[in-house]
Amino acid sequence: MAELGSHQLDACSIFLGKKHPLSVTGIGGTFFYTDGREVDDHVFTLFEFPGQGKDDRVVVTYSSINTNSFDGYGEMVMGSNATMIVSQEKEILLYKEAGNPITSRTTSVAMETQGKKPVLETSPSLAGPTQAAALGSLATIEPSRGYREELEHFAYCVRHGDASNYHADAEHQPRCRGEVALADAVVALTSNIAMRQKRRIEFDPRWFDYQSNQVPEGAPAIAQRS
């Protein structure tokens, strides 16, 4: 795991409409491997995004735990309407919430006896999924992880775009433009700094502006604690 890579944070930008985060709090470390590596094998971060209203905030937690191979690797996004699980970049599982996410929650407790001693049985805190859809599970060949398609699309844009001004040709823009890649890189870099310094860092809007020369490492508050 090469630190907190920008590809690992795509879910934050995709599901929140490409809004830039306001702050990040993080902590990480080598809690499992003891072979002298410098890259954290455990990552825990908390992002604060702007909400719909002026004072609204959306909090997104991201954690990456690198231990053994029992559960493989993947990502799980839990929302109010559904839960999406991406397993090993090959399989996507979508679990819809059963009815209303609030009214479907139960906290009932039942007491029974066994051998004249009480036995505590609890019901699930959340109603189980009513429907699951799997993509790629029926494929007969190894599903693509998308990297080849990304390069093919980039080559297509270069070949068919306006060579005099690629930015003006909206029809042949890469799916991950330079502005998007910069934003993901800023989020990942700042998150790594927050974990290294074990602190909360507020994002400077100038860091996301490709015309600005301001960078996270050059911020006085960050440089003083590096």
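Arg37 is partly exposed, its relative accessible area coming to 36%. In this predicted model, Arg37 has a salt-bridge partner in Asp35, and the closest N and O atoms of the pair sit 2.8 Å apart. That contact is one of six salt bridges that the structure holds.

Another of these contacts joins Glu48 to Arg200, with 3.1 Å between the closest N and O atoms. Glu48 belongs to strand E2 and Arg200 to strand E10 (residues 200-202), so this pair ties together parts that are 152 residues apart in sequence. The two ends of the bridge come out with their own burial classes: Glu48 has a relative accessible area of 18% and is buried, because the cut-off for that class is under 20%, whereas Arg200, at 41%, is partly exposed. The pair doesn't stand alone, either, as Glu48 and Arg200 are linked with Arg57 and Glu202 in a network of salt bridges.

A little further along the chain, Asp204 and Arg206 bring their side chains together in a salt bridge, at 2.8 Å from N to O. Here the acid, Asp204, is buried, with a relative accessible area of 18%, while Arg206 is partly exposed at 46%.

On the nonpolar side of things, Ile27, Phe31, Phe44 and Ile65 make a surface patch of about 390 Å². Phe31 sits in the loop between strand E1 (23-29) and strand E2 (42-50). With a relative accessibility of 54%, Phe31 counts as exposed, because that class begins over 50%.

Then there's the hairpin. Strand E4 (residues 74-78) pairs with strand E5 (residues 82-87) in the antiparallel sense, over five bridges. The two strands, E4 and E5, form a hairpin with three residues between them. Gly74, for its part, has Ser87 in E5 as its bridge partner. None of the five residues of E4 is buried, so the strand lies largely in the open.

As for how far the predictor trusts its own work, the mean pLDDT of the protein is 75, and 70% of the residues reach 70 or more. Two stretches call for a separate word. Over residues 1-17 the pLDDT stays under 50, and the model has 44 contacts beyond four places in sequence for them. Residues 120-139 also have pLDDT under 50 throughout, with 38 contacts beyond four places in sequence in the model.

Key:
Residues are numbered from 1 along each chain as its sequence is written. This is a predicted model: local features need pLDDT of at least 70, side-chain atom pairs count only at pLDDT 80 or more; totals for chains, interfaces and linings use all residues. Side-chain values use heavy atoms; hydrogens and water are left out. Buried means under 20% relative accessible area, exposed over 50%, partly exposed in between (1.4 Å probe, protein chains only). Helices (H or I, at least four residues) and strands (E, at least two) are DSSP runs, numbered from the N terminus. Two strands pair if DSSP finds at least two bridges between them. pLDDT is the predictor's confidence in each residue, from 0 to 100. Contact means heavy atoms within 4.5 Å. Patches are made of residues with over 30% relative accessible area and no salt bridge: like charges are joined within 9 Å, nonpolar side chains (Val, Leu, Ile, Met, Phe, Trp, Tyr) within 5 Å. Accessible areas come from the Shrake-Rupley method with a 1.4 Å probe; for residues, only the protein chains shown count as cover. A salt bridge is a side-chain nitrogen of Lys or Arg within 4 Å of a carboxyl oxygen of Asp or Glu.
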